[in-house]
There are 2 protein chains.
Amino acid sequence: MNTASFHANADLRLPRYQLIRDDLVRRIANGEWTPEQALPTEADLCEAYVVSIGTLRKAIELLVAEGVVTRTQGKGTFVRRPRFDSSLFRFFRFKSAEGQAVQPIGRVLKREIVKPNKAIRDALQMEPTEKSIHLSRVRLIDSKPVLREEIWLARPRFDALATLPLDDFGNLMYPLYERACRQIVASATETLTVEQANQEDAATLHVDVGSPVIMVNRVALDFAGTPIEWRTTRGAATGFQYQVEIR
Amino acid sequence: MNTASFHANADLRLPRYQLIRDDLVRRIANGEWTPEQALPTEADLCEAYVVSIGTLRKAIELLVAEGVVTRTQGKGTFVRRPRFDSSLFRFFRFKSAEGQAVQPIGRVLKREIVKPNKAIRDALQMEPTEKSIHLSRVRLIDSKPVLREEIWLARPRFDALATLPLDDFGNLMYPLYERACRQIVASATETLTVEQANQEDAATLHVDVGSPVIMVNRVALDFAGTPIEWRTTRGAATGFQYQVEIR
DNA sequence: AAGTGGTCTAGACCACTTG
DNA sequence: AAGTGGTCTAGACCACTTT
């Protein structure tokens with residue numbers, strides 16, 4: 001095998017399909033292919049990695065299973081952009097006044113440039129002296145607030161957002177990150193807990209103080225696995241529902 | 001191909017690995033292999049289905065991905081029994097007084113033979129006149145109740161439990177179902193919602209009335225996909241935490 | 001028509017488990 | 001030593017998309 005194809009740190013005792021998979025994620029993380037460009041064809045990759053098609057396919061099937069790429073017959077293999085639009089619907093059942101399922105509208109209320117607390121600094125792997133951009137955001141349905149969001153971003157990567165007028169932030173954050181800062185969110189980890197509404201929750205979300213509130217903490221990562229956004233979302237537990245399959 | 005291998009309803013336009021996968025789940029549902037017995041070897045299955053090893057492996061890899069079977073090199077392929085022990089830990093972080101993670105002890109408090117309400121009857125696919133076994137159960141850590149459970153079982157399948165002394169139910173339900181009624185839980189769907197503690201919750205779980213409570217509704221299925229148990233579990237939201245990965 | 005991924009073959013050799 | 005799954009080959013033909 002042509003070992004020169006692989007990264008220096010690769011453990012050559014691993015199966016070849018595993019080495020190829022690891023090499024492909026490394027190259028995707030390096031931005032070698034964007035979500036719009038197709039990866040090389042199976043034939044080309046077979047030649048480059050000096051393996052047979054079966055081995056190569058096994059590597060790519062791993063990436064498909066992980067959600068890193070999608071394949072379409074006749075078109076090619078593409079880096080996948082995760083669909084966060086539907087993310088909220090995993091947890092909250094939002095309906096408009098007419099009972100239609102709706103995507104809440106996002107609006108940034110406040111921005112400050114601050115040093116984050118230790119928990120956020122650790123999560124974003126920031127130096128103790130580094131500053132972050134902190135955004136306060138609400139999400140509305142029929143002009144009524146349904147979610148409160150606090151967002152922290154490591155300053156250097158998102159410098160463009162430190163000066164952009166708040167009115168230009170638009171409805172969705174992740175397309176903005178991509179447009180204004182060339183930062184693509186590739187995956188995320190969310191942790192759910194339940195709290196009781198404090199004064200601020202009660203005022204913003206129009207619920208009683210002490211009533212249950214869902215808190216979703218999210219750490220969003222780029223393709224290299226580097227954390228780029230820390231976000232906490234709070235919403236009334238009334239609209240909360242989550243379903244899991246167990247095997 | 002030897003079409004005689006497949007069930008009459010099989011759609012022969014599907015890929016062979018898909019047909020083989022479907023046939024294997026059908027046979028597993030029929031109880032052809034228990035979780036202790038190995039399935040036939042790859043070589044035997046290749047011969048039986050008249051396909052090459054690559055095609056057969058693809059079928060079995062689907063089952064592995066779905067969690068229906070597990071494979072062990074040198075040993076064989078086995079029907080998988082889902083591990084529900086850890087299920088609670090997906091939602092609740094239970095710790096003993098010493099801070100150790102613990103499995104709560106289960107105790108059945110009450111049993112009645114009743115006609116279930118419509119929601120439960122529908123979930124268990126029961127006839128309007130059929131009766132069910134209703135169990136009330138608590139789960140304890142350090143002798144303190146942490147979870148309240150209400151369980152409904154369709155009478156015919158679980159007749160043995162209608163007369164079994166409550167003291168003989170033991171700690172875990174699913175091993176009991178298997179032992180006493182030969183019913184194996186193969187999968188389940190759980191739905192989480194948040195409520196506020198009522199009087200009974202408050203008394204049993206030692207929380208304040210109105211404080212947040214997690215409710216987990218579970219429908220458990222056998223290998224054939226038939227619902228066999230309906231269960232609702234309630235616990236204080238204080239100990240609740242759930243984590244999800246998004247791609 | 002050319003190029004892509006999707007399905008499938010008929011083997012080989014290796015690593016692990018059990019008698 | 002025999003039997004199991006795990007890895008890998010070097011192709012073939014098919015179905016779909018694009019030119």
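A residue is near a molecule or strand when one of its heavy atoms lies within 4 Å of it. In this predicted model, that rule puts 21 residues around DNA strand C. H3(B) gives the most to this surface, with four residues.

Other elements chip in as well. Strands S1 (69-72) and S2 (76-79) of chain A, along with helices H1 (16-29) and H3 (53-66) of chain B, supply at least two residues each to the surface near DNA strand C. The closest residues come from both chains: Thr41(A) and Gln73(A) on one side, Tyr17(B), Ser52(B) and Thr55(B) on the other. On the DNA itself, sugar and phosphate make up 71% of the atoms of strand C that come within 4 Å of the protein. As for residue classes, the surface near DNA strand C splits into eleven polar, six charged and four nonpolar residues.

A few atom-level distances fill in the picture. The side chain of Arg71(A) places an N or O atom 3.0 Å from a phosphate oxygen of DNA strand C. With Arg16(B), a polar backbone atom does the job, sitting 2.9 Å from a phosphate oxygen of DNA strand C. Gln73(B) goes for a base instead: one of its polar side-chain atoms is 3.3 Å from a base nitrogen of DNA strand C.

Turning to the protein-protein contact, chain A and chain B each bring 34 residues to it. Between them they bury about 2900 Å², and carbon and sulfur atoms carry 56% of that. On the chain A side, the residues losing the most area to chain B are Tyr242(A), Ile246(A) and Arg247(A), which together account for 28% of what that side buries.

There is polar chemistry here too. Twelve residue pairs are in polar contact between chain A and chain B, counting pairs with both residues at pLDDT 80 or more. The elements giving two or more residues to the chain A side are helices H3 (53-66) and H4 (87-91) plus strands S6 (187-196), S7 (212-221) and S9 (242-246). S6(A) takes the largest share, at ten residues. By class, the side of chain A that touches chain B has 15 nonpolar, ten polar and nine charged residues. Two salt bridges cross the interface; Lys58(A) and Glu61(B) form a salt bridge through their side chains, with an N to O distance of 3.9 Å.

Strand pairing also links the chains. S6(A) runs antiparallel to strand S9 (residues 242-246) of chain B, and the two pair over five bridges. Within that pairing, Thr189(A) has Glu245(B) as its bridge partner in S9(B).

How values were computed
Residues are numbered from 1 along each chain as its sequence is written. Chains are lettered from A and ligands numbered from 1 in the order in which they are written. This is a predicted model: local features need pLDDT of at least 70, side-chain atom pairs count only at pLDDT 80 or more; totals for chains, interfaces and linings use all residues. Side-chain values use heavy atoms; hydrogens and water are left out. Contact means heavy atoms within 4.5 Å. Buried area is the accessible area (1.4 Å probe) that two parts lose on being put together, summed over both. A salt bridge is a side-chain nitrogen of Lys or Arg within 4 Å of a carboxyl oxygen of Asp or Glu. A polar contact is a pair of N or O atoms within 3.5 Å; within protein, one must be able to donate a hydrogen and the other to accept it, and residues adjacent in sequence count only if both atoms are side-chain atoms. Ala, Val, Leu, Ile, Met, Phe, Trp, Tyr, Cys and Pro count as nonpolar, Asp, Glu, Lys and Arg as charged, and the others, Gly among them, as polar. Two strands pair if DSSP finds at least two bridges between them.
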